[in-house]
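Let's walk through this one together, one question at a time. Have a look at the model first, then we'll dig into the details.

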Amino acid sequence: MANRTFDFIVVGAGSAGCAIAARLSEDPENSVLLIEAGKKDGSIKIDMPAMISKVVPPNELNWNYWTEEQTHLNSRKLFWPRGKVLGGSSAINGMLYVRGHARDYDEWAQLGCRGWSYDDVLPYFKKSEGSDRQPDDFHSTDGPLLTTQHTSEHPLNKAFLNAASEMDLPYSEDFNGASQEGVGWYDQTIRNGRRQTTAQAYLRMAEKRENLTILTEAQVRRVTLKGKKTTGVSVERKGKVEEWTASKEVILSGGAINSPQLLQLSGIGDPDDIMSVGLPLLHELKGVGKNMQDHLDITVYAHLKDPISYMRYKAPHRAIVELSKWFLKKPGVMSDCVTPVGAFLKTDPALERPDIQFHIILAMAAKPHGFEDPTEHGFGIHMCQLRPHSRGTIGLASDDPMAPAKIDPNYLASAEDLRVMREGVKLVRTMMRQPALSAYIEKEAQPWADINVDDEEAIEQAIRAHAETIYHPVGTCAMGPLDNSNSVVDPELKVIGLSGLRVADASVMPRLIGGNTNAPTIMIAEKCADLIKSQYATN
């Protein structure tokens with residue numbers, strides 16, 4: 001490839017990077033290079049929603065990260081799956097289309113992120129969305145990311161909703177509409193039974209453009225600088241190191257782990273983090289790698305009286321029927337996400353917003369993250385705290401760009417986080433005791449079977465022993481005002497103090513939103529692309 005100079009270089013072809021590259025290349029005057037460390041997509045394991053259990057555990061489509069030992073989780077190291085493929089984590093996630101609470105974005109604006117209130121970002125959610133709902137104030141039908149309402153008819157989903165009604169919990173027709181609070185069905189990034197990754201949604205048409213170049217299996221080693229100006233990136237590809245030049249900008253979209261790590265490898269960040277591994281400090285920004293937030297999750301599992309969990313489809317005669325439905329694009333088990341119903345609830349009615357989220361899962365996990373297939377019939381209710389107070393870090397383990405970063409979420413450092421998790425578990429177990437759900441349940445699984453529903457100390461011990469991530473890390477390149485020492489990017493997503501460099505992915509969220517993070521990350525990408533287009537249209 002003779003020409004190694006482009007107007008824009010986008011690093012990371014995940015939920016954000018695919019969208020940014022596609023939008024910037026809409027202008028034929030822009031030359032765009034999109035670089036991805038992973039392979040091209042196209043695996044049936046990605047396309048088929050029911051095969052999520054094959055892409056979350058360690059595999060070639062995954063970065064397969066592990067955290068540092070977590071002090072408040074019995075010194076356990078937690079597995080952190082992140083997508084390493086075109087589409088990034090949108091290729092391995094749970095396929096739920098959730099935006100968060102409107103107040104989340106108003107809070108961003110109050111923190112100094114001008115232009116990021118709910119009214120500001122709603123148009124970008126709508127711009128990205130191709131919903132099968134009727135178009136209204138909250139939804140659009142003509143965006144590239146195709147979303148679908150539920151297709152599942154499993155009796156446990158209806159039992160979950162009925163149990164909530166028996167508890168007098170509110171019902172939400174649309175978690176992304178006028179009111180998030182309540183129980184209901186999740187919209188899904190699935191259409192015709194196929195997962196809708198950002199590679200599928202944004203790159204399928206864009207990759208045919210002559211002004212867009214896509215490199216896969218190419219690892220960016222560092223961002224190159226000339227003084228305080230970004231000049232391009234250094235890339236390792238096919239065993240060789242290559243230099244690529246950006247005449248206008250480099251946009252980092254590696255996510256909450258890889259974007260701060262790449263900045264640090266480039267000499268940009270907290271001096272202590274960079275110089276501790278022997279690298280030179282080129283630009284001091286103490287907020288890089290700080291402010292990490294994630295949704296900690298605990299699941300209460302129960303044994304079922306009857307063999308109605310998804311494990312029943314392991315039987316060859318049932319599997320053949322469901323596979324046939326999928327290939328014929330008919331609704332079926334293979335076409336739906338495994339957590340189709342859930343809830344956004346408050347542990348205290350005085351709260352302004354829900355502070356916990358539920359996802360029902362129609363199988364009994366033998367081990368977290370699908371490390372082993374189910375061996376008995378059961379189901380579970382995931383519960384996560386939406387707004388953790390604990391803050392963690394991303395740091396360099398060495399000066400080797402190929403070495404994983406040190407991931408320390410610092411879960412449950414705040415006593416308030418543990419309290420909310422405990423109250424959430426109590427609410428889950430109360431729901432399981434309602435007639436609509438208890439009719440299906442033989443007994444709770446361990447450790448819950450031996451813990452009284454009101455035994456707070458035992459519940460807390462179980463949380464420390466069994467809690468896991470639900471895959472929503474954010475905040476490590478936080479957006480904020482220039483006068484905030486923790487800010488890494490300004491409200492235009494420009495890295496503070498440098499020219500020609502932006503970050504656009506989940507790492508820029510100053511606060512974790514109340515919900516799944518894929519849709520908000522795509523929204524950030526859409527807004528970033530517009531910010532870039534506006535800047536160069538006026539210059």
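Q: Is Tyr105 buried or exposed, and what is its relative accessible area?
A: Keep in mind that this is a predicted model. Buried means under 20% relative accessible area. Tyr105 falls under that cut-off, so it counts as buried, with a relative accessible area of 0%.

Q: How are the rings of Tyr105 and Trp108 arranged?
A: Tyr105 and Trp108 are 3 residues apart in helix 4 (residues 102-110), so about one helical turn separates them. Their ring centres are 5.0 Å apart, with the planes at 70°. Planes over 60 degrees apart count as edge-to-face, so this pair is edge-to-face.

Q: Which residues form one aromatic cluster with Tyr105 and Trp108?
A: Trp108 is buried too, at 0% relative accessibility. The cluster takes in two further rings besides Tyr105 and Trp108, namely Trp116 and Phe125.

Q: The charged end of which residue sits over the ring of Trp116?
A: A charge can sit over a ring if NZ of Lys is within 6 Å of the ring centre. Here the charged end is 5.1 Å from the centre of the Trp116 ring, and it belongs to Lys527.

Q: What kind of aromatic pair do Phe6 and Trp244 make?
A: This pair links distant parts of the chain, with Phe6 in strand 1 (residues 5-11) and Trp244 in strand 15 (residues 240-252). Phe6 is buried at 6% relative accessible area, and Trp244 is buried at 1%. The ring centres are 6.1 Å apart and the planes are at 35°, so the pair is tilted.

Q: Why are the buried residues of helix 13 on the same side?
A: The buried residues in helix 13 (residues 456-466) are Ala458, Ile459, Ala462 and Ile463. They sit on the same side of helix 13 because the arc they cover around the axis is only 145°.

Q: What covers the buried residues of helix 13?
A: Ile463 is one of those buried residues. The cover includes strand 18 (296-304) and helix 11 (415-432).

Q: Which helix gives the most to the largest nonpolar core?
A: That core has 79 residues, and those touching the most other members are Phe160, Phe358, Phe379, Ile381, Met431 and Ile463. With 8 residues, the top contributor is helix 11.

Q: Leaving aside neighbours within four places in sequence, which residues is Met431 in contact with?
A: Nonpolar side chains tend to be buried together in soluble globular proteins. Met431 belongs to the largest nonpolar core. Its contacts beyond those neighbours are Phe160, Ala163, Ala164, Met167, Leu169, Phe358, Ile381 and Leu437.

Terms used: Residues numbered from 1 in each chain as written. Predicted model: local features only at pLDDT ≥ 70, side-chain atom pairs only at ≥ 80, totals over all residues. Heavy atoms only, no water. Buried < 20%, exposed > 50% of the residue type's maximum accessible area, 1.4 Å probe, protein only. Helix = DSSP H or I, 4+ residues; strand = E, 2+ residues; numbered from the N terminus. Arc of directions from axis to C-beta. Contact = heavy atoms within 4.5 Å. Core = buried A, V, L, I, M, F, W, Y, C linked by side-chain atoms within 4.5 Å. Phe/Tyr/Trp six-rings, centres within 6.5 Å; stacked < 30°, edge-to-face > 60°. Lys NZ or Arg CZ within 6 Å of the ring centre and 35° of its normal.
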